[in-house]
Amino acid sequence: MLFFGRVHELTGFREETEELHEGTTLDDLFERYTKRFPSLAGFRSSLVASRNQEFAAWDTKLADGDEIAFLPPVSGG
Amino acid sequence: MPTISHEDLFELVQAPIDVPALRQLVRGAGDGAIVIFDGFVRNESHGRATKYLEYEAYEPMALSKMREIGSQLHQKFAIHRVAIVHRLGRLEIGETSVLISVSAPHRAAGFDACRFAIDTLKKTVPIWKKEYFEDGAIWADGELPPAPPTAKPAS
């Protein structure tokens, strides 16, 4: 798991490793984080998930070794 | 795999961006024009005086998205070379944060490609900007990149 921008500030982490059950989706993983960091819940609709450095649908099933991030709206330029 | 000219350049840097060097880099004998987008730090945001900005990136993903933009440019527009460089870390007022340099035999393709590149960068490249003011700091409003609505079956 990697954390950037506002999400980094909310969680206090830059990165960490999570153990998941088989069949866990990005949605399930996000749900798990909202239990640890309730203030994240309100941001769900303004975050996009990435898996292995590609934007990914929330129902994507995760596999061993995946690199995941919940990315805030981007504001480069 | 999309083909990218080995002369193209995609970089995230901490040091100031060398604009003249990036103009020279894309220049070829068959070109007739270079179009440059030089994005730099404005002194205000929504009427509040900006002190400075800080940029951070999901670096490997940002570079891969910048390379994707480069390959799209070659597919869509009759250009020669492209350089896209974004600076990270603390930037002062007036400093260049992003530089896009496109060379082409004819100007129309250069203008169109440069515009497409900056518009797409602002929507798809995972870079974030924090604006610092006298009385606090905020993450700049951004754009949520498009993601697939649902996962492909059996992936």
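In which segment of chain A is Leu2(A) found? I looked this up at the start and found Leu2(A) in the segment before helix H1 (5–11) of chain A, where helices (H or I, at least four residues) and strands (E, at least two) are DSSP runs numbered from the N terminus.

**Entry: conventions.** I note that this is a predicted model, in which local features need pLDDT of at least 70 and side-chain atom pairs count only at pLDDT 80 or more, while totals for chains, interfaces and linings use all residues. Residues are numbered from 1 along each chain as its sequence is written, and chains are lettered from A and ligands numbered from 1 in the order in which they are written.

**Entry: Leu2(A).** I asked whether Leu2(A) is buried or exposed. Leu2(A) counts as partly exposed because it has 19 C-beta neighbours inside 10 Å; a residue is buried if 20 or more other C-beta atoms lie within 10 Å of its own, exposed if 12 or fewer, and partly exposed in between, with C-beta atoms placed from the backbone. Setting aside residues up to four places away in sequence, I found Leu2(A) touching Glu15(A), Glu67(A), Ala69(A) and, in the other chain, Tyr58(B), a contact being two residues whose C-beta atoms, placed from the backbone, lie within 7 Å. Ala69(A) is 67 residues away from Leu2(A) along the chain, yet their C-alpha atoms are separated by 5.0 Å.

**Entry: the sheet of chain A.** I then followed Ala69(A) into its strand and found that Ala69(A), in S3(A), is the bridge partner of Ser50(A). Strand S1 (residues 48–51) of chain A runs antiparallel to S3(A), with 4 bridges joining them; two strands pair if DSSP finds at least two bridges between them. The open sheet is built from 3 strands in the order S2-S1-S3 (chain A), with antiparallel pairing, and its edges are strand S2 (54–56) and strand S3 (68–71) of chain A, each of which pairs on one side only. From one strand to the next I recorded an average twist of 40°. Helix H2 (residues 26–36) of chain A packs on this sheet and touches S1, S2 and S3 of chain A, its direction making about 70° with that of S3(A); axes here are lines fitted to C-alpha atoms, for helices over the stretch in contact, and angles run from 0 to 180 degrees between N-to-C directions.

**Entry: chain A as a whole.** Chain A has 2 helices and 3 strands, which run α-α-β-β-β from the N terminus on. Its radius of gyration is 12 Å, which agrees with the value near 11 Å that a compact globule of 77 residues would have; the radius is taken over C-alpha atoms, and the globule rule is 2.2 Å times the number of residues to the power 0.38. Buried residues make up 27% of the 77 residues in chain A. Among contacts in chain A between residues at least 6 apart in sequence, I noted that 53% join residues at least 24 apart.

**Entry: the mixed sheet of chain B.** In chain B, I traced an open sheet of 4 strands in the order S1-S5-S7-S2, with mixed pairing. Its edge strands are strand S1 (9–13) and strand S2 (33–40) of chain B. Strand S5 (residues 81–87) of chain B pairs with S7(B) in the antiparallel sense over 6 bridges, and in S7(B) the bridge partner of Ala83(B) is Ser101(B). H3(B) packs on the sheet and touches S2, S5 and S7 of chain B, at about 150° to the direction of S7(B).

**Entry: Tyr132(B).** Strand S4 (residues 48–57) of chain B and S8(B) pair in the antiparallel sense over 7 bridges, with Tyr132(B) in S8(B) as the bridge partner of Tyr52(B). Tyr132(B) also stands opposite Ala137(B) in S9(B), and a hairpin joins S8(B) to S9(B) through 2 residues.

**Entry: the contact between chains.** The contact takes 29 residues from chain B and 23 residues from chain A. On the side of chain B that touches chain A, the elements that give two or more residues are helix H2 (59–76), strand S7 (96–104), helix H3 (107–124) and strand S8 (127–133) of chain B.
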